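I have the notebook open and a fresh model on the screen. Let me jot down what I look up as I go.

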Amino acid sequence: MISADTIRTAIGVVGNGTALVLFLSPLPTFYRIWKKRSVEQYSPIPYVATLLNCMMWVLYGLPLVHPHSMLVITINGTGMAIELTYVTLFLVYSAGAARRKVFLLLAAEVAFVAGVAALVLTLAHTHERRSMVVGILCVLFGTGMYAAPLSVMKMVIQTKSVEYMPLFLSLASLVNGICWTAYALIRFDLYITIPNGLGVLFAVAQVILYAIYYKSTQQIMESRKRKADQVAMTEVVVDGNKSTNNGAGAGHY
């Protein structure tokens, strides 16, 4: 008979796989940012929040804090590197106040995690206390990571467009939340259950919004394309008239 630990480990491996997909799902977005050399209307908040979440979970999974948490360390360490790359691209392709905001948030996160690690490791002397302190913070920031797209969801409702809320990211969040919630429930871990359970709810809300506003998004994008084509044709006509007039006037002295 398969033991609960074996099932939990298997689900954890699947959870790592879905979490990796989640971390990599913004690649099309960042390819677009790189290609256009601009962050456009994309918000850095989900990626900054995810970076903080990964750093806190790496701290939680350390043997000195919560032993036997290798699956937690591996995926969140990988996620930390990936999210840091995304945030760096925001720094490169944003400007002015937006760039300063991202830089200050990044610096504050690194200082905060370093401070928490120093305090927990020096003042809490048992694994239980260290796990409790870091676990509570992980709940808060894990919830923050999943709730970060709420600002994007607000923009979706206001603009009736899901152009800047990628469906793949929402679906990856949903699958990831389900896997890690199941992982946490087998051998009950409150600190993993709460943020991932909430993550499932937030992801479902995003998918519902996508279904509601998908058609209006297509209409908005088609309208924008028609306007761009009309402007391009107008410019061609104007340039053609100028060329004709210049040619007609070339014989007069």
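**Entry 1: cysteines.** I am working from a predicted model, so I keep that in mind throughout. I began with disulfides, and the count came to zero. A disulfide is a covalent bond between the sulfur atoms of two cysteines, and here I looked for pairs of cysteine sulfur atoms within 2.5 Å. Next I checked how accessible two of the cysteines are. Cys54 has a relative accessibility of 0%, so I noted Cys54 as buried. Cys179 comes out at 13%, and therefore counts as buried too, the cut-off being under 20%.

**Entry 2: the cores.** Which residues have the most contacts inside the largest nonpolar core? I found Ile33, Met56, Leu59, Val87, Phe90 and Val134, in a core of 39 residues. I then asked which helices supply this core with at least two residues each. My list reads α1 (4-24), α2 (27-36), α3 (45-61), α4 (70-93), α5 (96-123), α6 (127-147) and α8 (167-186). The top contributor is α3, which gives 10 residues. There is also a second, separate core, made of eight residues, and I wrote down Met153, Val156, Met165 and Tyr213 as being among them. A reminder to myself: in soluble globular proteins, nonpolar side chains tend to be buried together.

**Entry 3: Phe90.** I picked Phe90 from the core list and looked up its contacts, leaving aside neighbours within four places in sequence. Phe90 touches Phe30, Ile33, Val39, Tyr42, Ser43, Pro44, Tyr47 and Val102.

**Entry 4: helix α2.** Which residues of α2 are buried? I have Thr29, Phe30 and Ile33 down as buried. These three span an arc of only 90 degrees around the axis, so they sit on the same side of α2. Pro28 and Lys35 are exposed on the other side of the helix. I also checked what the buried residues of α2 pack against, and the partners are α3 and α4. Two of the buried residues, Phe30 and Ile33, are already in my contact list for Phe90. Just after α2, I spotted Arg37 with a positive phi of about 55 degrees.

**Entry 5: Thr50.** My last stop was Thr50, which is found in helix α3. Is Thr50 buried or exposed? Its relative accessible area is 10%, so I put Thr50 down as buried. I then looked for a polar partner for its side chain. A polar atom of the Thr50 side chain lies 2.6 Å from the backbone oxygen of Pro46.

Notes: Residues are numbered from 1 along each chain as its sequence is written. This is a predicted model: local features need pLDDT of at least 70, side-chain atom pairs count only at pLDDT 80 or more; totals for chains, interfaces and linings use all residues. Side-chain values use heavy atoms; hydrogens and water are left out. Buried means under 20% relative accessible area, exposed over 50%, partly exposed in between (1.4 Å probe, protein chains only). A nonpolar core is a set of buried Ala, Val, Leu, Ile, Met, Phe, Trp, Tyr and Cys residues joined through side-chain atoms within 4.5 Å. Helices (H or I, at least four residues) and strands (E, at least two) are DSSP runs, numbered from the N terminus. Contact means heavy atoms within 4.5 Å. A polar contact is a pair of N or O atoms within 3.5 Å; within protein, one must be able to donate a hydrogen and the other to accept it, and residues adjacent in sequence count only if both atoms are side-chain atoms. The arc is that of the directions from the helix axis to the C-beta atoms.
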